[in-house]
Amino acid sequence: MQRHPGAEIYGIRKDSVDLRIYLTDARGVVVYDSAGQAQGTDFSQWNDVARVLRGEYGARQSRYNPDDPTTSVMHVAAPVRRDGQLIGVVSLAKPMTSIAPSSTAPPTACAPPA
């Protein structure tokens, strides 16, 4: 089911929900992927997952097409714990074109306009 919010957020028109969520086990193997593409794939070497598995802050920015800056996607990850033990990693991925008005320039601020 595709949602179409039809909203404007800080001057950026939002006509789709373009967020991907994936969950790995404690080894970095994907057990859930909201895009339905990576289940069973080893993501333990991707910086967002690898850093969280080492107890660090996990984030990365990658391009689906290395030659096209408009294909940049930001990934931010966090640990999943049960009884204090790391059991996996949850990562959120969002295309930079949906975050920054111009995907070829890095975002300069996260605060709303005054």
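**Figure 1. The largest nonpolar core of the predicted model has eight residues.** Its members are Tyr22, Val30, Ala38, Phe43, Val49, Val52, Ala77 and Val89. The coordinates come from a predicted model. In soluble globular proteins, nonpolar side chains tend to be buried together. One member of the core, alanine 77, touches Asp48, Val52, Gly58, Val89, Val90 and Ser91, when residues up to four places away in sequence are not counted. Over the whole protein, 29% of the 114 residues count as buried.

**Figure 2. The protein has one helix and seven strands.** Read from the N terminus, the elements follow the order β-β-β-β-α-β-β-β. Among contacts between residues at least 6 apart in sequence, 35% join residues at least 24 apart. The accessible surface comes to about 7,700 Å², and 54% of this surface belongs to carbon and sulfur atoms.

**Figure 3. Five strands make up an open antiparallel sheet.** The order of the strands across the sheet is 4-3-7-6-5. Strand 4 and strand 5 (58–63) are the edge strands, each pairing on one side only. From one strand to the next, the twist averages 20°. Strands of a sheet pair through backbone hydrogen bonds, either parallel or antiparallel.

**Figure 4. Strand 7 (residues 85–95) pairs with strand 3 (residues 20–25) and with strand 6 (residues 72–82).** The pairing with strand 3 is antiparallel and has six bridges. Within it, isoleucine 21 has leucine 92 of strand 7 as its bridge partner. Strand 6 and strand 7 are also antiparallel, with 10 bridges between them. Here alanine 78 is bridged to valine 90 in strand 7.

**Figure 5. Strand 3 and strand 4 form a hairpin with four residues between the strands.** The two strands run antiparallel and are joined by three bridges. Tyrosine 22 stands opposite aspartate 33 in strand 4; tyrosine 22 is also one of the residues of the largest nonpolar core. In the hairpin, glycine 28 takes a positive phi near 95°.

**Figure 6. Threonine 24 is a buried residue of strand 3.** Its relative accessible area is 2%, under the 20% cut-off, and therefore threonine 24 counts as buried. Leaving aside neighbours within four places in sequence, threonine 24 is in contact with Val29, Val30, Val31, Val49, Ile87, Gly88 and Val89. Of these contacts, Val30, Val49 and Val89 belong to the largest nonpolar core.

**Figure 7. Glutamine 61 lies in strand 5 and is partly exposed.** The relative accessibility of glutamine 61 is 45%, which lies between the cut-offs of 20% and 50%, so the residue counts as partly exposed. Apart from residues up to four places away in sequence, glutamine 61 touches Ser72, Val73, Met74 and Met96. Glutamine 61 and alanine 93 are 32 residues apart in sequence, and their C-alpha atoms are 9.1 Å apart in space.

**Figure 8. Confidence varies along the predicted chain.** The mean pLDDT of the protein is 83, and 74% of its residues reach 70 or more. Strand 4 (residues 30–33) has the highest confidence, at a mean of 98, whereas strand 2 (residues 12–14) has the lowest, at 65. Over residues 103–114 pLDDT stays under 50. For this stretch the model has 10 contacts beyond four places in sequence.

How values were computed: Residues numbered from 1 in each chain as written. Predicted model: local features only at pLDDT ≥ 70, side-chain atom pairs only at ≥ 80, totals over all residues. Heavy atoms only, no water. pLDDT = per-residue confidence, 0-100. Contact = heavy atoms within 4.5 Å. Pairing = 2+ DSSP bridges. Axes fitted to C-alpha atoms, helices over the stretch in contact; angles between N-to-C directions. Buried < 20%, exposed > 50% of the residue type's maximum accessible area, 1.4 Å probe, protein only. Areas by Shrake-Rupley, 256 points an atom, 1.4 Å probe, with all protein chains shown as cover. Core = buried A, V, L, I, M, F, W, Y, C linked by side-chain atoms within 4.5 Å.
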